[in-house]
Each structure stands twice: as C-alpha cells, then as structure tokens.
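Got the viewer open? Let's take a walk through the model, one selection at a time.

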Amino acid sequence: MLKFDNVTFKYDSDDYEMIKGLSFNVQDGEFISLIGASGCGKSTAFRLINGLEKPQSGSITINGTPIKELKNYSSYMPQKDLLYPWRTIEKNVCLPMELRKESKEKMKKAAEEILEEVGLLEYRNKYPRDLSGGMRQRVSFARALLAGANLLLLDEPFSALDSLTRIGLQEWLLTEWEKRKNTILFVTHDVEEAIFLSQKVFVITDRPITHFEEYVVPLDYPRKRDDLKRSDIMELKEELIKKLRQEEVK
Ligand SMILES: Nc1ncnc2c1ncn2[C@@H]1O[C@H](COP(=O)(O)OP(=O)(O)OP(=O)(O)O)[C@@H](O)[C@H]1O
Ligand SMILES: [Mg+2]
C-alpha cells in the first residue's frame, strides 16, 4: 500500500541528510509501530508521508500512485490532541468534513455515529476543557477517522497520558482497528506499547536513516495483556530495548 523507494531527505536548514536511500513497504490493513531514539526522524518520516515535506530524491507511493497526485490519503494524529478549545466536541470532530465542504446534515450524522462509537456522544456539546486527557485523545482519533483516510499516522498519541488510561486506550485502539482494518503507523517510545499493539515493529538504528530493522510480533489478535508475559515476547522486548540503547549511546 505505502511504499518508500530509495528516499533521501534533508531539511533545508541542515547540511546533513536525515534519511538516506530509505526503502520500505507497508501492506494494506497492517498495524506497524515505529520506534527509535528521540530526534532520530520519526516525525520527519510522517511529514514525508503526509506530504508536508518533500524528499530530495526517491519516491513515495500509495498503491503505485505518487503521493503528490493524491489527496486525503492519510490522517495525522499528533501527540497532543490539538483540539480547538472554542469549538464543541462535535464541531471539533466535524472539522475535516467542514474543510471538505460537506453538508450540515451529513456532518451531523457522521459526527453522531463516530462519537457514539468512541463512547462520547453525550459530550458532543461540551468543550475540550470539560474532558479528561484520555477522552480528548478519543475525540482526536474520531476526528482523524472522519478525515476519511485509510492510512492513519499516529505520532505518540498516548505518551502524555497516565499509565492506566494509556493501557485502556491501547485496548480500545486495537478493537477499533480490528473493526475497521485501517492501515496504522504508530510512533512510540514505549517498546511494550509497540509490541502489544502491532504486527510488526520497525526500529530505527542508524543516522542518517538508511533502513528500518523489521521485527514481527509473534502474537495473534485479539491480544491480552498477559501475552506480554510470554517468554518469547519478553525476549523480543529485551532485544528491542537493547537496540534502542545502542542507538542512544552512539
Ligand atoms: N522543520 C525542521 N527544520 C530543520 N530541522 C528539523 C525540523 N523539524 C525537525 N528537525 C530536526 O530533525 C531531527 C528529527 O526530528 P523529528 O521530529 O523527526 O524526530 P523524532 O524522531 O520524531 O523525535 P521525538 O522522538 O523526540 O519526537 C531533529 O534533529 C530535529 O531537530
Ligand atoms: Mg517526534
């Protein structure tokens, strides 16, 4: 579905490349986590995927079509929820549809459905400040879904939350994904979170980034937290942590 072919990128203000000759593939409906040391370029990779930055060379395609010829193929959900404080929950969720100039009735119906689904329908006329951090992230996710794209780019969406809320949202996200089978790319610093959620983990181990090291998580869905205690999973976790620490000391 998503394909990077020999992509090289550098920021104008830098004199070194951030990404050099990177190639990878993501299949339709896959759930993939991306981990790597702080500042290694994970958010930059997302900016390339959603077209906010352009590579100097190489190609980025979705189902064979260069992304510059496509619109609305990906939705980005940032670490902070970025909801507009002066808009109600319903109006926040409708924003992408408003930008597409959808009719009022259509927006209302879609917002109702999605808020029902994320369990927040009764909050539709409230404001972001009236909701907890976890609820705001669910609103943010609902908005990303209403943007209508199959490819979801989730950039540390749970990292600002307390650990119990986070665990709840991880389980919730998996249920949503199993229902919809969107393609998800998920950036996290948390190795356990990456393993619990995804089918594959891409690890960034070099700079400039020339490749992702790919690890397959040997677990089926639905998953339980107890699965994390399996010895092969604990070993995988240790191996990934070791990889990340090697990168840190470089
Ligand atoms: N617009 C920009 N112009 C120049 N350099 C940038 C720009 N945005 C980010 N960078 C630099 O690119 C590098 C990678 O940044 P990026 O945000 O992609 O890292 P990251 O892996 O997402 O880090 P973190 O885990 O802390 O979020 C950093 O050194 C950063 O300073
Ligand atoms: Mg980042």
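A word we'll need at many stops: contact means heavy atoms within 4.5 Å. This is a predicted model, where local features need pLDDT of at least 70, side-chain atom pairs count only at pLDDT 80 or more, and totals for chains, interfaces and linings use all residues. Residues are numbered from 1 along each chain as its sequence is written, chains are lettered from A and ligands numbered from 1 in the order in which they are written, and side-chain values use heavy atoms, with hydrogens and water left out.

**Stop 1: helix H4**

Select Ser-140, which is found in helix H4. Helices (H or I, at least four residues) and strands (E, at least two) are DSSP runs, numbered from the N terminus. Ser-140 counts as buried, at 3% relative accessibility. The cut-offs are under 20% relative accessible area for buried, over 50% for exposed and partly exposed in between, using a 1.4 Å probe and protein chains only. Not counting residues up to four places away in sequence, what does Ser-140 touch? Show Met-77, Asp-81 and Leu-83 and you have the set.

Now pick Arg-138, also found in helix H4. Leaving aside neighbours within four places in sequence, Arg-138 is in contact with Val-118, Gly-119, Leu-120, Leu-169 and Trp-172. Try a C-alpha to C-alpha distance from Arg-138 to Trp-172: these two are 34 residues apart in sequence and 9.3 Å apart in space.

**Stop 2: helix H3**

Next, select residues 104-117, helix H3. H3 has 14 residues and reaches 20 Å from first C-alpha to last, close to the 20 Å expected at 1.5 Å a residue; that expected span is 1.5 Å times one less than the number of residues. Colour Met-107, Ala-110, Ala-111, Ile-114 and Leu-115, the buried residues of H3. Looking down the axis of H3, you'll see these buried residues fall within an arc of 125 degrees, so they line one face of the helix. The arc is that of the directions from the helix axis to the C-beta atoms. As background, an α-helix has 3.6 residues a turn, so residues three or four places apart point the same way. Flip to the other side of H3 and Glu-105, Lys-109 and Glu-116 are exposed. The cover over the buried residues of H3 includes helix H2 (89-99), helix H4 (133-146) and helix H5 (163-180). Just after H3 comes Gly-119, with a positive phi near 75 degrees.

**Stop 3: helix H5**

Move on to H5, which has 18 residues and reaches 26 Å from its first C-alpha to its last, close to the 26 Å expected. Its buried residues include Trp-172, Leu-173 and Trp-177. The buried residues of H5 pack against strand E3 (31-35), H3, H4, strand E7 (151-155), strand E8 (183-187) and helix H6 (191-197). At the N-terminal end, zoom in on Asp-162, which caps H5: a side-chain oxygen lies 3.2 Å from the backbone nitrogen of Leu-164.

At the other end, H5 is followed by Lys-181, found in the loop between H5 and E8. Lys-181 has a positive phi of about 55 degrees although it is not a glycine, and counts as partly exposed at 42% relative accessibility. Then jump to Glu-156, in the loop between E7 and H5. Glu-156 is another residue other than glycine with a positive phi, near 45 degrees, but it counts as buried at 11% relative accessibility.

**Stop 4: strand E4**

Select Ile-60 in strand E4 (residues 57-62). Buried or exposed? Ile-60 is buried, with a relative accessible area of 6%. Beyond its neighbours within four places in sequence, Ile-60 has contacts including Leu-2, Phe-4, Leu-48 and Ile-67.

**Stop 5: two cis peptide bonds**

Check omega from Arg-207 to Pro-208: the peptide bond is cis, near -5 degrees. Pro-208 lies in the loop between strand E9 (200-204) and strand E10 (212-216). The bond from Tyr-221 to Pro-222 is cis as well, with omega near -5 degrees. For Pro-222, look in the loop between E10 and helix H7 (231-249).

Definitions and conventions: A polar contact is a pair of N or O atoms within 3.5 Å; within protein, one must be able to donate a hydrogen and the other to accept it, and residues adjacent in sequence count only if both atoms are side-chain atoms.
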